[in-house]
Each structure stands twice: as C-alpha cells, then as structure tokens.
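Morning, everyone. I will go through one model today, starting with its interior and ending with its charged pairs. Please have a look at it first.

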Amino acid sequence: MKKYHLLVVFFFFSLAMSAQSSQSFLLNLYGGYTFSDRVDFDSSYGKVEDGFEYGLGLEYFIMDNASIELKYNRLDTHMPLYTKIPLNNGNIPAGSQVNVGDDKGAINYILADYTYYFGSSSQKALPFLGAGLGVAILETPKSGSGTYFAWEIKGGVKVKTNSPLSINLHAYLQSMSAAVGYDYYWDYYWGPVAVTDYASTFQFGLGASLSYDFSK
C-alpha cells in the first residue's frame, strides 16, 4: 500500500514539475534608437533629442502565446528649451535656446508590459503586439528629477533558436505626461477658472532585445 502512495505522490509531483517548466521566465536585454520629439508650452517649446535607449526586463509567459514583463529602460539625451517670444527687452530673440550648455538629461522608464505572440509556439518566427503602463523618471540639470505617468505600445517579431537564446526585433512608441502649469478660462458663473495644463512626449523608436529562456 505504501508503494501505491509513493507512486501517487511521485505522479502528482511530476505533474507539478511539468506545469512549472511549461511557464517560461526570460531575461531580456534591450537596445534601441529612439527618435526626437518636440513639446510645446505657452511661451516656449522644448525638444527631447534622439539617442540610444537601453535596459533589461524579466518576462513571464502566463500561457504559450502571452506574457507579462517588468522592465527598465533608460534614454540619455539632451533637452534644449527655446523661447517663442523675445526675452530681456528683446536682447534674447524668439527662437533662442535658453539653456545652452545645461540641457543634458535622461528619461528612465519603468513599465509593466503585456505581450501577445501570434502563431504556434513551435514556430521559429513569432509576430507580436504589446502595450505597457508605468512611470517615467525624468532627470534634468535644473529641476532635478520628477516621476510622471508613462506608457508604450510595441510590435515586432520574435526569432527563436534551438538554444535558450532568442532575438526580438521591434518598433515602439513611448509617451510621458507631466503637469506643467495652468491654463485659465472665463466661466459665466464662476469667473476665471484654472485648469491644469499637461505636456506629453511621443517618441518612436526601433530596437532589438536579446532574450535568455531559463526554462531551457
């Protein structure tokens, strides 16, 4: 009887082990080129210039065709600020950069992504679409750092090999939104009303990631 108990325990333990191995953990190393964007304010405008973006992520497959991922990416860039109107009694004309030599900064993205892969898990090339939500930590020389809402969408193809390594080729769009002040309008009953003014970046990029599957 004890032998049967041992067989039953071994059978269920084997099932549990196979169920765990069917769920894959991947370490992803990211690299990509992110293009510039212009952000308009009331009396000025700024640019987030293009640059190399890099980072890493931990991806877990909740089923064969879908995964969730926690990742960190960093973009080191320059953020020049230009005036739309003359300043200092006209000594600084409109269109002049007002932070020359002091425009270096960075954006740190911390995102939780969901990705869906199309096709069979036996295929060597799997197209995918994904989206993520999280925060962006903006570093600037004058204002220090601030944390803001961020999101991204992405699409590409995953190329698998017979080894634990695979390569993802993808395009992505990332955005960061921050409150930058107030706009005012006149209400018939309430008089002047202040509304928070938001500015957002929208940066397109092309990248690749090298993935290592710990389950293989």
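A nonpolar core here is a set of buried Ala, Val, Leu, Ile, Met, Phe, Trp, Tyr and Cys residues joined through side-chain atoms within 4.5 Å. Buried means under 20% relative accessible area, exposed over 50%, and partly exposed in between, with a 1.4 Å probe and protein chains only.

This is a predicted model, so to speak of local features we need pLDDT of at least 70, and side-chain atom pairs count only at pLDDT 80 or more, while totals for chains, interfaces and linings use all residues. Residues are numbered from 1 along each chain as its sequence is written, and side-chain values use heavy atoms, with hydrogens and water left out.

Confidence next. The predictor's confidence in each residue is pLDDT, from 0 to 100. The chain averages 81, and 80% of the residues score at least 70. Helices (H or I, at least four residues) and strands (E, at least two) are DSSP runs, numbered from the N terminus. The chain has 1 helix and 11 strands. Helix 1, residues 2–21, has the lowest mean pLDDT of these elements, 38, and strand 1, residues 25–34, the highest, 97. Over residues 1–22 the pLDDT is below 50, and beyond near neighbours in sequence this stretch has 1 contact in the model, a contact being heavy atoms within 4.5 Å. Residues 181–197 are also below 50, with 27 contacts beyond near neighbours.

Now the interior. Buried residues make up 35% of the 216 residues. Which residues make up the largest nonpolar core? There are 10 in all: Val48, Leu75, Met79, Ile107, Tyr109, Leu111, Ala136, Leu138, Ala150 and Met176. Strand 7 (104–117) and strand 8 (125–140) each supply at least two of them, and the largest share, 3 residues, is from strand 7. Leaving aside neighbours within four places in sequence, the contacts of Val48 include Leu75 and Ile107, along with Thr201 and Gln203.

On the outside there is a nonpolar surface patch of about 900 Å², and its residues include Phe25, Leu29, Leu165, Leu210 and Phe214. Patches are made of residues with over 30% relative accessible area and no salt bridge; like charges are joined within 9 Å, and nonpolar side chains (Val, Leu, Ile, Met, Phe, Trp, Tyr) within 5 Å. The areas come from the Shrake-Rupley method with a 1.4 Å probe, and for residues only the protein chains shown count as cover. Strand 10 gives the largest share of the patch, 3 residues. Leu210 sits in strand 11 and is partly exposed, because its relative accessibility is 40%.

Last, the charges. A salt bridge is a side-chain nitrogen of Lys or Arg within 4 Å of a carboxyl oxygen of Asp or Glu, and the whole structure holds 8. Is Lys71 buried or exposed? Lys71 is buried, because its relative accessible area is 6%. Lys71 pairs with Asp113 at 3.1 Å, N to O, and Asp113 counts as buried because its accessibility is 3%. Lys71 also bridges to Glu152, with the closest N and O atoms 2.6 Å apart; that pair joins strand 5 to strand 9 (residues 144–160), 81 residues apart. Glu152 is buried too. Shared partners join Glu69, Lys71, Asp113, Glu152 and Lys154 into one network.
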